[in-house]
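Visitor: Hi! I have a few minutes before my gel is done. Could you walk me through this one?

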Amino acid sequence: MLGLEHDFRIVDTRATLDPDESSVATHGRDISPERLEREMLQAGIVRAVASPGQRAAGRSYLRANNAVARLSIDRPFVAFARLNGPRDPGTGPVSAVRNLRAERDDHHTRPDDVEQYSYDDRFHGFTLAPHVDGLPNEDVLTRLEDADLPLFVHAGREFPPEAVETELLDYDLPVVLGSFGGYPLDADLMNETLDLLDEYDRLHVDTSAVRYREVLERGVLEHPDRVLFGSGAPDVHPNVGVMEVLTLDVSEDLMRRVLAKNPARLVPALAEGADV
């Protein structure tokens, strides 16, 4: 695919780096760090948040997180540590009953893990995909609040805005909901998430897999400081996500906020000239 031509500095808040055979087998894809970096450059993306892909059930993310941090050295990647937990993220009565007896296993994230990641200068934030990895216990979420680093959350039909509000938004930390909280292609959930931005000052959204121009423009126009560009690479080529923002009917100033200024404010390692 030909590289895009534009005059914007672009950083990406949503990329997955599969660091080992287990992650590759889970996703059925084999995207090397070199290829991911090349595709980013084709899209004009100068730096990207990267976190591990899904691990097999019962596997810890510790080794995968460390591998992503190692692979990010001398590359334009900013490593985020992926978390998991024993609690069911569902909102129904069955989930509530399960969570009464949810016990942390050896492969689940512990408070000490969060503290270690927080003080390790290789990591700049955290990612959480509750629908596949479960929700951490309250003591882990409290430690995340103490760390005050960005938490990027995979939200959507299996972990909707209602659940996000109940489980996460009472904690005082910056939260970014992927795909406007409406993955896959649920415009109603995306609009519900945008309504939540009026209530929670530390809530943000990223643009990955938001294919509705009207929803994207609403988010950028109503909340210009809390929409962050995210491509969702390598599931989609980053060119796709970039073009969706560049073709919006909004000012260049708003585009620059989404594509670089907002992400860099939340994740300083994405800023121009940052030492990572």
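Guide: Happy to! First, a word on names: helices and strands here are DSSP runs, helices being H or I with at least four residues and strands being E with at least two, and they are numbered from the N terminus. Also keep in mind that this is a predicted model.

Visitor: Okay, what phi does G44 take, just after α2?
Guide: G44 has a positive phi, about 80°.

Visitor: And α2 itself, which of its residues are buried?
Guide: Helix α2 covers residues 33-42, and its buried residues are P33, L36, E39 and M40. They sit on the same side of α2, because they cover an arc of only 130° around the axis.

Visitor: Is there a general reason for that kind of spacing?
Guide: Yes: an α-helix has 3.6 residues a turn, so residues three or four places apart point the same way.

Visitor: What do the buried residues of α2 pack against?
Guide: Their partners are the strands β1, β2 (45-51) and β3 (77-79), along with the helices α3 (62-72) and α11 (238-246).

Visitor: A glutamate in that list caught my eye. How buried or exposed is E39?
Guide: E39 has a relative accessible area of 10%, and since buried means under 20%, E39 counts as buried.

Visitor: What does E39 touch?
Guide: Leaving out residues up to four places away in sequence, E39 touches H237 and P238.

Visitor: Let's switch to the strands. How many residues of β2 are buried?
Guide: In β2, 6 of the 7 residues are buried, so the strand is largely enclosed by the rest of the structure.

Visitor: How do β1 and β2 pair, parallel or antiparallel?
Guide: β1 and β2 pair in the parallel sense, over 5 bridges. In that pairing, V11 stands opposite R47 of β2.

Visitor: And how many bridges join β2 to β3?
Guide: There are 3 bridges between β2 and β3, and these strands run parallel. There, A48 stands opposite F77 of β3.

Visitor: New topic: pockets. How much space lies in the largest pocket?
Guide: About 580 Å³. The largest pocket is lined by 31 residues, and the closest to its centre are R14, H131, H154, Y183 and D235.

Visitor: Which elements give two or more residues to that lining?
Guide: Those are β1 (10-16) and α6 (130-133).

Visitor: And what's the chemical mix of the lining?
Guide: The lining of the largest pocket has 14 polar, 10 nonpolar and 7 charged residues.

Visitor: Great, thanks. Back to my gel!

Notes
Residues numbered from 1 in each chain as written. Predicted model: local features only at pLDDT ≥ 70, side-chain atom pairs only at ≥ 80, totals over all residues. Heavy atoms only, no water. 1 Å grid on protein atoms, 1.4 Å probe; cavity = no way out; pocket = protein on both sides within 12 Å on 5 of 7 lines; lining within 4 Å. Points joined across faces, edges and corners; volume = space filled by probe spheres on them. Nonpolar A, V, L, I, M, F, W, Y, C, P; charged D, E, K, R; others polar. Buried < 20%, exposed > 50% of the residue type's maximum accessible area, 1.4 Å probe, protein only. Arc of directions from axis to C-beta. Contact = heavy atoms within 4.5 Å. Pairing = 2+ DSSP bridges.
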